[in-house]
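Please look over the structure below before reading on. The paragraphs that follow go through a few of its parts in turn.

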Amino acid sequence: MTQMANVPRGYLYGSIIYLNDYYLNQLSSHIQLAVAEHELGHAIGLNHNDTEPSVMNPAVSDENAYTIQKCDIEAVKRIYHKR
């Protein structure tokens, strides 16, 4: 779970990420990595993406435990206006 701080004037000033060790320790290291990267994505402002393979997919399983994909990088660039 990622808790977002207030976003005054559209600027993100901080986030807190909570990872459930009890739950994560029951999963493969591949899924653990995908979950951690997913929550970090939220921490930097990314929303869920269920339209293509993405670390920001809202559900994770062995079949869709994606790490950071090109579409995720492009989404970050759009948020932060980088080319």
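**A loop, a core and a pocket**

Leaving aside neighbours within four places in sequence, N57 is in contact with H38, N49, D50, N64 and Y66. The model that shows these contacts is predicted. N57 sits in the loop between helix 2 and helix 3. Its relative accessible area is 15%, and because buried means under 20%, N57 counts as buried.

Two other residues of this loop can be set beside N57. S54 also has its place in the loop between helix 2 and helix 3. Is S54 buried or exposed? With a relative accessibility of 1%, S54 is buried. Its contacts, again without the neighbours within four places in sequence, are N49, Y66, Q69, C71 and D72. With D72 there is a polar contact between the two side chains, at 2.4 Å. Helix 3 spans 70-80. N49 and Y66 appear among the contacts of S54, and both names are also found in the list for N57.

T51 belongs to the loop between helix 2 and helix 3 as well. The relative accessibility of T51 is 69%, and since exposed means over 50%, T51 counts as exposed. A polar contact of 2.8 Å joins the side chain of T51 to the side chain of N49. N49 is thus named in the contacts of N57, in those of S54 and in the polar contact of T51.

The next part is the nonpolar core. Which residues form the largest nonpolar core? They are L24, I31, A34, V35 and A65, five in number. Helix 2 supplies the largest share of this core, with three residues. V35, one of the core residues, touches L19, L24 and V60 when residues up to four places away in sequence are not counted.

V35 leads on to the largest pocket. About 240 Å³ of space lies in this pocket. Its lining has 19 residues, and those nearest the centre are Y23, V35, H38, E39 and V60. Helix 1 (21-24) and helix 2 (29-43) are the elements that give two or more residues to the lining. Which of the elements gives the most? Helix 2 does, with four residues. By type, the lining divides into 13 nonpolar residues, five polar and one charged.

Some residues link these parts. V35 belongs to the largest nonpolar core and is among the residues nearest the centre of the largest pocket. H38 is also among those nearest the centre, and H38 is in contact with N57.

Notes:
Residues numbered from 1 in each chain as written. Predicted model: local features only at pLDDT ≥ 70, side-chain atom pairs only at ≥ 80, totals over all residues. Heavy atoms only, no water. 1 Å grid on protein atoms, 1.4 Å probe; cavity = no way out; pocket = protein on both sides within 12 Å on 5 of 7 lines; lining within 4 Å. Points joined across faces, edges and corners; volume = space filled by probe spheres on them. Nonpolar A, V, L, I, M, F, W, Y, C, P; charged D, E, K, R; others polar. Buried < 20%, exposed > 50% of the residue type's maximum accessible area, 1.4 Å probe, protein only. Polar contact = N/O pair within 3.5 Å; in protein donor to acceptor, adjacent residues only side chain to side chain. Contact = heavy atoms within 4.5 Å. Core = buried A, V, L, I, M, F, W, Y, C linked by side-chain atoms within 4.5 Å.
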